[in-house]
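Biologist: I'd like to learn how to read a fold like this one. Can you take me through it, piece by piece?

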Amino acid sequence: LRLLIDAQNAAGQFTYLASVVDGTGFLAEVDRLITDLKRNYIWPEQYARRSRDQRHVELAQLYASYQQTLHDSGLYDAQGCFWAAGDALRADPELGRGIGMLVVDRFTDFTQAQWRILELLVPRAEEVVVTLPLDAELVDPRTSTGRVELFAKTRETLALLRDRFPVEIKLNAADGPAAGKT
C-alpha cells in the first residue's frame, strides 16, 4: 500500500491528499479506511460513486488501484480472503456440505463477508458451535449486574445469530462450559 501511495503521489495523482501522503499516520488511516470499506462489503466502485469531494475521490481512486493491484498479482488481503471464500461457497453449493461440526470461536461481531459465509456454511453443517466471549449472566442487560456496556456488541451478535440461524447453536461463556442452547 505504501508503494502504491508513493507511486500515485509521484505521478501527480493527488491534489487534495498531496500535502498529507508523507505525514505520519496517513498510511495507517488509508489502511483502516480500506479495511472498514471491505469489512462492510463496499467495493471500490461503490465508494467512488459515493465520493462527493476531492478528498474522497482521491481515496476512492487509491482504493480502486489497491484492489486492482491485488487482483493483478493474484493476492488477497485479510478481508479479500473472506470475500473469496464467500464467492467459492456461492459458486459451489456442495462445498462444505457434510461438515460434521462447524466451530466459530470467540467472535464478538462479524463483518458482512463473514455473515455471508456463515449463511452459506451453517445449513451445510450437521452441528454448529459458536463461542462468544460473554458470561451467561450478561446475556440479558435488564437482569445483569455486571459490565453490561462492555459486552453490548457481543450481545447484539448473539441476538443476530439467534435470529438468523434456525439450527441449534451452542453458546459458551468467556471462560466456562456451554452456557446454553438456542
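Modeller: Sure, and keep in mind that this is a predicted model. Start with helix 1, residues 2-10, where Leu4, Ile5 and Gln8 are buried.

Biologist: Why do Leu4, Ile5 and Gln8 sit on the same side of helix 1?

Modeller: The general idea comes before the case. An α-helix has 3.6 residues a turn, so residues three or four places apart point the same way. Here the three buried residues cover an arc of only 100 degrees around the axis, so they share one side of helix 1.

Biologist: Which residues are exposed on the other side of helix 1?

Modeller: Leu3 and Ala10 are exposed there.

Biologist: And what do the buried residues of helix 1 pack against?

Modeller: Their partners are helix 2 (26-39) and helix 4 (54-73). After helix 1 comes glycine 12, with a positive phi near 75 degrees.

Biologist: On to the strands. How do strand 1 and strand 2 run, and how many bridges join them?

Modeller: They run parallel, with six bridges between strand 1 and strand 2 (residues 125-131). From strand 1 the chain goes through helix 6 to strand 2, a β-α-β crossover that is right-handed. As for facing residues, aspartate 105 is opposite threonine 131 of strand 2.

Biologist: Where does threonine 111 lie, and is threonine 111 buried or exposed?

Modeller: Look at the loop between strand 1 (99-105) and helix 6 (112-121). Buried means under 20% relative accessible area, so threonine 111, at 2%, counts as buried. Apart from neighbours within four places in sequence, threonine 111 is in contact with Arg39 and Gln79.

Technical notes: Residues are numbered from 1 along each chain as its sequence is written. This is a predicted model: local features need pLDDT of at least 70, side-chain atom pairs count only at pLDDT 80 or more; totals for chains, interfaces and linings use all residues. Side-chain values use heavy atoms; hydrogens and water are left out. Helices (H or I, at least four residues) and strands (E, at least two) are DSSP runs, numbered from the N terminus. Buried means under 20% relative accessible area, exposed over 50%, partly exposed in between (1.4 Å probe, protein chains only). Contact means heavy atoms within 4.5 Å. The arc is that of the directions from the helix axis to the C-beta atoms. Two strands pair if DSSP finds at least two bridges between them. A crossover is right-handed if, with the strands pointing away from the viewer, the path from the first strand over the helix to the second runs clockwise.
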